[in-house]
Amino acid sequence: MKRFRGVMSVILAMTLTLAAPGLKSFAASETDATENDALLATDDEERTILDNIFINDINVGGLTASQAKAKFGVDDSAASAAVTLTSDYGDVETTLGELGLSNNAEEVIEEAVNYGNHGNVLERFRDIESLKTEPVKFESKSTISADALDYLVEAKLGTEMEGLNQYSIDKSDGIKVIAEGQSVSVDAAQTAGKVEDEINKEGYAGGAVNVAVVLADDSQNEKLKQLARIKDLLGTYTTSYSSSGAARKNNVQRAASLVDGHVLFPGEQISVYNCIAPIEVSNGYEMAHAYVGTEVVDAAGGGVCQVATTLYNAAIRAEIEVVQRNCHSLRVSYVPISADAAIAGGVLDLKLRNNLDAPIYIEACYDGANLSFNVYGEEYRPSNRTIEFESIQTGVINPPDEPIYTEDKTLEPGTEQVTASAVTGYTGELWKYVYVDGVRTESIRMNSSKYQASPAKISINSDEASEDSEDEDDNQENPDGTNPDGTDPNANPDGQTTEAATEAATEAATEAATEAPTEAPAAPPATTE
C-alpha cells in the first residue's frame, strides 16, 4: 500500500503540474506555468508554440499557428513567379507553378504546435521536460518537381542539347557508325535544387528566379552503346539514272545527299519528303520532268522520286516497317511494276519506321550513273531464312481512242502535231516470298498499284490553210521530211521526237497517288521523280 500511494503521489503531482499551473509543486516552476497555459487553449489556431522550438533556425516559441503560417508559409501568388532557366543551348521561361511548386509549412507548423501540446499526460510531460534542455528543430521548405523541370527543359532544348545528331559510317574495318558532337542532358535534380535554394532564402517573397541549368555530359551514354549494334547490312538496292539529263541527275544526287546518314533508333520514323524539302530551286534543285496526273511538266526537283523508290526497295529487303508508300500515276522505267514510290508536296511520301530493337543507319551512294541505298543494323534474321521479291502485272488499262486536241496558233494553219503519244495504263502487285532452308514458307503481297492510261495529245491550228502557204510549202526543199532548218517536224519543244518525249514521260518521277494503296487526290500535286 505504501508503494501504491507513492506512485499515485507522483502521478498526482504531474497532473497538477500540467492541468493547474497556478498550483506550485516540487516539479513545477513559474516557467512551467507559462508553458502549460498553452494547454488550456482548445483552438489549434490559438495555441502557442512552446519555447525552444525552432523552424528554420528561428525560435518560434510563443507564436500561434496562424502567426507561424504568416511567417513561413508561401503566398498563393508565388506560383505565378517567373523562372528563367539559362544555358548555352538557350533559355527556358516558366513559372514556379509550372514547375510544381509546393510547401510543407502547414505540416511543419502543425507539428510545432502539437509538440508538448498533444498526446496523453505522460507524453506531454516528457516533451515539456525535454524542451528545457534540448531544442526541437523543424524545417519548412518550398520544393519544385524535378520531373516537371526535366520535361520543360527537354521539350524546349532537347534537340539543341542532343548533339549526337550527325552520323557517318566507317567501313574500313567492319561496320562502325560514328556520332559527331557532344550530347548533354539536364541534371534535373541539381537544377531543381538550385531553384529551391533561391526560393527558400530568408526574405524571399515570390520574385523572379534566374538559375543556370546544370548539364550532364551524355557523350558516352546508352545511345552510343546502341549505335555499336549497327554492324550488318540488312538491305540494299540500286537503280540507274545514267540516261538522265544533267538537271535530273543533280536532283537525284541532291535529294539522296539529304537522306544519307540518317539513324533511326527503335520506334523512330523517317519521312523522305521532310528530309528533302523544300523541293525548290533555292534548296539546290533544278527544273526537270515531273508528273501532274498524266501530264508531264517541268518542275523543281524532277527526279527525286527515284530516291524514294530506291530507298523503298532497300527498306523492304531490310524488312523494316513501311508506314506510307504511294505509286506513280504513270509507270516509271527504272524499277519493275509496283516497286516504285512517289513523292509529291507532302501528300505523297515514303515513310519508314524502325520496328526493330536496334538502331538502323541509312546510307546513300551515287556516282552520276547509279544510285544505291544501304540499310545497316543488327542482323536479326536466321541465316537459313531468305527472301525474294516479284513484281506482277495484273491488268492492262487501254487509253481512250479519242486524242486530246489543243489549239495552237503557232502551228501552220490547217496543220496538227502529236505532242504526246497515248499511254497504256497498268495494274500491278509486289510480292515477297520467304524461304527457310530453300523451301517457300510465306507469300506476302506487299502492295498493289494502278498506273493511269492517257490519251494521245495533239496540238492543232484549225485555221484553214491558204493557197499561198500551200504553194510555199511545195517549193520548200525538204525531200527528207525535215523542216527547212533540218529539225524533225514531230519533235516537241525540247527537241525530242514524240516517241522520245513519251519515253521521257514514263521515266519521269513526279507522280500522283494511285488507287492502291492510296487513292489520288482530286487535284494531284506535281510529283518530282
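**View 1. D57 is an exposed residue, with a relative accessible area of 64%.** In this predicted model, D57 lies in the loop between β1 and β2 (58-59). Its backbone is a bit unusual to look at: phi is positive, about 65 degrees, although D57 is not a glycine.

**View 2. N52 has a positive phi too, near 75 degrees, and is likewise not a glycine.** Look for N52 in the loop that runs between α2 (30-37) and β1 (53-55). N52 counts as buried because its relative accessible area is 18%, and the cut-off for buried is under 20%.

**View 3. Here's the cis peptide bond that joins A277 and P278.** Omega for this bond is about 0 degrees. P278 is found in the loop between α10 and β16 (287-292).

**View 4. The largest nonpolar core has 46 residues.** Among those with the most contacts inside this core are V259, V272, I276, V307, L311 and I343. At least two core residues come from each of β13 (232-240), α9 (246-259), α10 (272-276), α11 (305-318), β20 (360-366) and β21 (370-377). The top contributor is α11, which gives 9 residues.

**View 5. Zooming in on F373, another of the residues with the most contacts inside the largest core.** Setting aside neighbours within four places in sequence, F373 touches G235, T236 and Y237, along with A256 and V259. Its contacts also include V307, T310, L311 and A314, and then I362, E363 and A364.

**View 6. A second core, separate from the largest one, has 20 residues.** L96, I144, M161 and A188 are among its members.

**View 7. Two arginines sit over tyrosine rings: R331 over Y426, and R440 over Y433.** The charged end of R331 is 5.2 Å from the centre of the Y426 ring. For R440, the distance from its charged end to the centre of the Y433 ring is 3.7 Å. As for rings pairing with rings, the structure holds 0 aromatic pairs.

**View 8. Two cysteines, C275 and C365, with their accessibility.** C275 is buried, at a relative accessible area of 16%, whereas C365 is partly exposed, at 29%. Don't go hunting for a disulfide: a search of the whole structure finds 0.

**View 9. Stepping back, the whole chain comes to 13 helices and 27 strands.** Of its 529 residues, 40% count as buried. The chain exposes about 26800 Å², and carbon and sulfur atoms supply 48% of that area. Among contacts between residues at least 6 apart in sequence, 72% join residues at least 24 apart.

Conventions: Residues numbered from 1 in each chain as written. Predicted model: local features only at pLDDT ≥ 70, side-chain atom pairs only at ≥ 80, totals over all residues. Heavy atoms only, no water. Core = buried A, V, L, I, M, F, W, Y, C linked by side-chain atoms within 4.5 Å. Buried < 20%, exposed > 50% of the residue type's maximum accessible area, 1.4 Å probe, protein only. Helix = DSSP H or I, 4+ residues; strand = E, 2+ residues; numbered from the N terminus. Contact = heavy atoms within 4.5 Å. Phe/Tyr/Trp six-rings, centres within 6.5 Å; stacked < 30°, edge-to-face > 60°. Lys NZ or Arg CZ within 6 Å of the ring centre and 35° of its normal. Areas by Shrake-Rupley, 256 points an atom, 1.4 Å probe, with all protein chains shown as cover. Disulfide = S-S within 2.5 Å.
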